[in-house]
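Good morning, colleagues. I would like to take a few minutes to discuss the internal space and the pockets of one protein model.

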Amino acid sequence: DTSGGMLFTIASIAVIITAHFFLELELSQTAINSSVLGLLIGSFLSHIYTKKISDYENSLQEKNAALSILASTDDLTGIMNRRILKKVSERYFETEQRDNSDLTLLLLDLDHFKKVNDNYGHPCGDSVLKEVAQTLKECLRKTDIICRIGGEEFVAICKRADKAIAMEIGEKLRAKIEALTITIGDEKINVTISVGVASLNIDSTEKSADEIYRQADIAVYHSKKSGRNRNTHYGDIVADLNPHYSSN
């Protein structure tokens, strides 16, 4: 590094001077001056080169960090995207299983969102998605995460949340979106969401994060089929599922 190079240069000059005076090498003043000057120039050039390398490495690290954030962020809403969801959910799943703690996944789907795009246009639809994403993010706890997994679908993963807490969170999210009025120009747009909830706990038979997602997907389908704008837990409907939606 730079400090090491400077110390080496100083030590080298000291050796030259010491050798000249104590070892009687009979070095001319010109030779001594040339050696010292060469060491100083070399040290200076080394300092510049080392700094450029360090600046380049720092810039590269910053760019890689920025690319990593972009790769894991939904470019419309600014929250996590589907690409990062699997990695995060698997890590949460493993941690909660190891600690014998509760974990809940909520799948949230905007109701009749196609009508928003058809009636107001896609730019308005994009604004609605951004407002909804921000509202969901603000309603969740600091330990929870929210992802947009595509279109009008979102996923929330809640740590330390058993069924009762999960249903409270799901209802809070549903009610908050129902009460949301999104103003775009002269238009006032209201939307609702259907929520599907699936939980992992120490008595659970689920074996993977994918299984919990599948159960939440079944639950949100039930919410849609039951009239939309509602919150359904997989555990409450599993006994009534038809063979097509069985948990086999």
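Let me begin with a definition: on a 1 Å grid over the protein atoms alone, a cavity is a set of points where a 1.4 Å probe fits but cannot get out, a pocket is an open set with protein on both sides within 12 Å along at least five of seven lines, and lining residues have an atom within 4 Å of a point. Grid points are joined across faces, edges and corners, and a volume is the space filled by probe spheres set on the points.

The model is predicted, so local features need pLDDT of at least 70 and side-chain atom pairs count only at pLDDT 80 or more, while totals for chains, interfaces and linings use all residues. Residues are numbered from 1 along each chain as its sequence is written, and side-chain values use heavy atoms, with hydrogens and water left out.

The structure contains 1 cavity of 30 Å³ or more. The largest cavity encloses about 50 Å³. Its lining consists of Ser89, Leu103, Leu105, Ile157, Ala209 and Ile212. Two or more of these residues come from each of strand S2 (103-110) and helix H7 (209-225); helices (H or I, at least four residues) and strands (E, at least two) are DSSP runs, numbered from the N terminus. By class, the cavity lining has 5 nonpolar, 1 polar and no charged residues. Here Ala, Val, Leu, Ile, Met, Phe, Trp, Tyr, Cys and Pro count as nonpolar, Asp, Glu, Lys and Arg as charged, and the others, Gly among them, as polar.

I turn to the strands. S2 pairs with S4 in the antiparallel sense over 7 bridges, where pairing requires that DSSP finds at least two bridges between two strands. Within this pair, Thr104 stands opposite Cys158 in S4. Strand S4 (residues 153-159) has 5 of its 7 residues buried, that is, under 20% relative accessible area with a 1.4 Å probe, protein chains only. S4 also runs antiparallel to strand S3 (residues 145-150), with 5 bridges between them. S3 and S4 form a hairpin with 2 residues between them, and Gly151 in the turn has a positive phi of about 55 degrees.

Finally, the second largest pocket. Its volume is about 160 Å³, and its lining comprises Arg82, Leu85, Lys86, Ser89, Leu105, Ala209, Asp210 and Tyr213. Helix H3 (82-98) and H7 each supply at least two of these residues, with H3 giving the largest share, 4 residues. The pocket lining divides into 4 nonpolar, 1 polar and 3 charged residues.

Technical notes
Buried < 20%, exposed > 50% of the residue type's maximum accessible area, 1.4 Å probe, protein only.
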